[in-house]
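This briefing covers one structure, topic by topic. Please keep the sequence and the model open while reading.

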2 protein chains.
Amino acid sequence: MDVNISPYDLRQLIRSGEFAGNTSGYSKGFVQGNLAIMPKEWANEFLQFCQLNPKPCPVIGMSANPGDFLLPDLGKDLDIRSDIPRYRIYENGKLTQEVTDVRQFWRDDLVTFLLGCSFSFEEALIADGLEVRNITEGVNVPMYRTNIACRPAGRFSGTTVVSMRPMKPKDAIRAIQICTRFPSVHGAPLHFGNPEDIGISNINQPDFGDAVTINKGEVPVFWACGVTPQVAIEQARPPFCITHSPGHMLVTDIPNSHLAIM
Amino acid sequence: MDVNISPYDLRQLIRSGEFAGNTSGYSKGFVQGNLAIMPKEWANEFLQFCQLNPKPCPVIGMSANPGDFLLPDLGKDLDIRSDIPRYRIYENGKLTQEVTDVRQFWRDDLVTFLLGCSFSFEEALIADGLEVRNITEGVNVPMYRTNIACRPAGRFSGTTVVSMRPMKPKDAIRAIQICTRFPSVHGAPLHFGNPEDIGISNINQPDFGDAVTINKGEVPVFWACGVTPQVAIEQARPPFCITHSPGHMLVTDIPNSHLAIM
């Protein structure tokens with residue numbers, strides 16, 4: 001498949017079942033997002049959790065009304081039930097199955113949230129000439145649980161999950177500047193340097209994703225990560241919830257540049 | 001003396017000889033600058049050197065014509081020959097004397113440059129709640145020669161001098177964001193972390209200024225420093241040159257906030 005396929009065409013291939021893979025690298029230039037769908041009696045608390053923790057949980061879209069499965073603000077003819085390559089179904093906080101379509105699970109009380117994802121800022125870093133190690137090495141970005149507490153909201157709480165990209169300090173400074181322009185896709189890093197400062201005991205054993213090489217002269221740089229809300233959902237244990245499967249994102253019609261605040 | 005004295009009133013006290021001290025902390029909120037005065041046959045090359053090395057040598061003002069000693073763009077009734085508390089006279093690159101007035105040395109071919117100074121961004125850091133260690137400890141900021149080459153221009157060349165402020169990584173990230181708004185006072189840091197990466201062998205022995213405490217969990221953060229042009233002048237050895245004495249700056253009528261690009 002052409003990596004420059006339009007978001008609309010890509011969603012059509014996903015809907016028809018012709019594509020069910022990782023969306024990383026496809027439809028370059030357009031926002032991809034993390035998905036969270038839950039019953040309305042949980043949605044207000046989740047929205048509050050996101051608003052209190054905007055770095056790990058930046059809301060870039062949500063359904064206008066419970067039960068809505070079309071999200072026209074995010075994409076032409078976008079149907080959230082079928083346009084993501086792979087979904088995860090959670091019941092009472094437990095992952096029960098992975099599916100490629102959730103039409104059979106849809107309910108009139110479900111509220112959809114789309115949260116910003118690091119793909120957008122990685123594209124901006126690369127456009128500026130910086131290396132993004134997980135992309136160079138062709139693996140998933142390494143992610144770690146930390147001791148950085150999220151601000152709780154109702155039944156949602158937990159600690160922040162971070163992603164890590166090693167960089168020379170000079171490049172890290174530039175990355176901080178670039179990512180500051182994109183607060184809705186995790187913004188500037190939370191930390192750099194000593195992993196133990198934020199409760200990471202072994203940088204070579206990420207809790208999610210894959211380890212990457214850290215070269216001499218580089219420091220690990222840590223960004224708030226969109227896995228944070230998934231962990232909060234697992235802890236809160238709503239009776240029913242749908243998320244995307246990691247790396248299998250919603251591809252929107254929104255240009256990444258629209259997320260830049262300046 | 002009241003630290004909130006207006007820049008105009010402070011310059012009058014300096015001109016009359018009633019004040020000849022360090023200007024740090026006085027006339028809060030107003031730009032203070034590094035001074036460099038040299039013959040016009042050297043001035044074009046120096047200006048080019050500054051334009052090629054804007055982080056250590058940010059020009060925020062210069063005299064309109066050779067011989068001008070009034071700089072109305074920088075301050076009301078500002079006379080560069082008398083309104084700085086302490087000057088250094090260099091002959092052939094050698095410091096020959098320190099004086100409190102340079103009227104007796106003035107020549108019709110002298111061109112004045114005012115370069116941005118870290119006082120402006122330190123004020124912005126403190127206003128945001130960050131600690132600036134050299135201010136907390138009441139000493140001059142530690143400064144170091146590095147192996148970061150400046151881009152040469154004519155007879156001017158050299159390596160970059162940096163100032164260092166220790167910070168927790170989280171605060172360093174915030175400092176990078178704040179200083180990015182102030183490119184004309186050295187802008188974002190050049191480096192953080194391992195001093196040897198930039199040719200500093202002993203962080204506890206600065207080449208200029210005073211050592212400061214680096215606490216556990218903090219990293220040294222390095223900014224390009226206005227001593228860089230002084231070192232370049234010493235190496236270029238113009239036959240005659242005037243600078244301010246460290247810490248004894250020109251206090252202008254320009255609000256620090258005017259230097260913020262956003």
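Two strands are taken as paired if DSSP finds at least two bridges between them. Helices (H or I, at least four residues) and strands (E, at least two) are DSSP runs, numbered from the N terminus. This is a predicted model, in which local features need pLDDT of at least 70 and side-chain atom pairs count only at pLDDT 80 or more, while totals for chains, interfaces and linings use all residues. Residues are numbered from 1 along each chain as its sequence is written, chains are lettered from A and ligands numbered from 1 in the order in which they are written, and side-chain values use heavy atoms, with hydrogens and water left out.

**Sheet in chain A**

- In strand 7 of chain A, A:Ser163 is the bridge partner of A:Met143.
- Strand 6 of chain A and strand 7 (residues 159–167) of chain A run antiparallel and are joined by four bridges.
- Chain A has an open sheet of four strands in the order 6-7-9-8, paired antiparallel.
- Strand 6 (143–149) and strand 8 (191–192) of chain A are at the edges with a single partner strand each, so one side of each has no neighbour in the sheet.

**Sheet in chain B**

- Four strands of chain B form an open sheet with antiparallel pairing, in the order 6-7-9-8.
- The edges are strand 6 (143–149) and strand 8 of chain B; each has a single partner strand, so one side of each is left without a neighbour in the sheet.
- Four bridges connect strand 6 of chain B with strand 7 (residues 159–167) of chain B in the antiparallel sense.
- Opposite B:Ala149 stands B:Thr159, in strand 7 of chain B.

**Interface of chain B and chain A**

- The contact (heavy atoms within 4.5 Å) involves 16 residues from chain B and 16 residues from chain A.
- Between them, chain B and chain A bury about 1,300 Å², with 77% of it on carbon and sulfur atoms.
- Buried area here is the accessible area (1.4 Å probe) that two parts lose on being put together, summed over both.
- B:Pro169, B:Ile173 and B:Phe192 lose the most area to chain A on the chain B side, together 44% of what that side buries.
- The rule finds zero salt bridges across this interface (a salt bridge being a side-chain nitrogen of Lys or Arg within 4 Å of a carboxyl oxygen of Asp or Glu).
- Helix 5 (169–180) and strand 8 (191–192) of chain B each supply at least two residues of the side that touches chain A.
- Helix 5 of chain B gives the largest share of that side, seven residues.

**Symmetry**

- A turn of 180 degrees and a shift of 0.0 Å along the axis lay chain B on chain A with an RMSD of 0.0 Å; this is the relation of a two-fold axis.
- Copies are superposed by least squares on the C-alpha atoms of residues with pLDDT of at least 70 in both.
- B:Gln177 comes closest to the rotation axis of the residues of chain B, at 3.2 Å (C-alpha).
- The same surface serves both copies, as 100% of the contact residues of chain B recur in chain A.

**Salt bridges**

- Over all chains, the whole structure has 26 salt bridges.
- One of the pairs is A:Asp83 with A:Arg15, whose closest N and O atoms are 2.8 Å apart.
- This pair links distant parts of the chain, 68 residues apart: A:Asp83 is in the loop between strand 2 (59–62) and strand 3 (87–91) of chain A, and A:Arg15 is in helix 1 (residues 7–15) of chain A.
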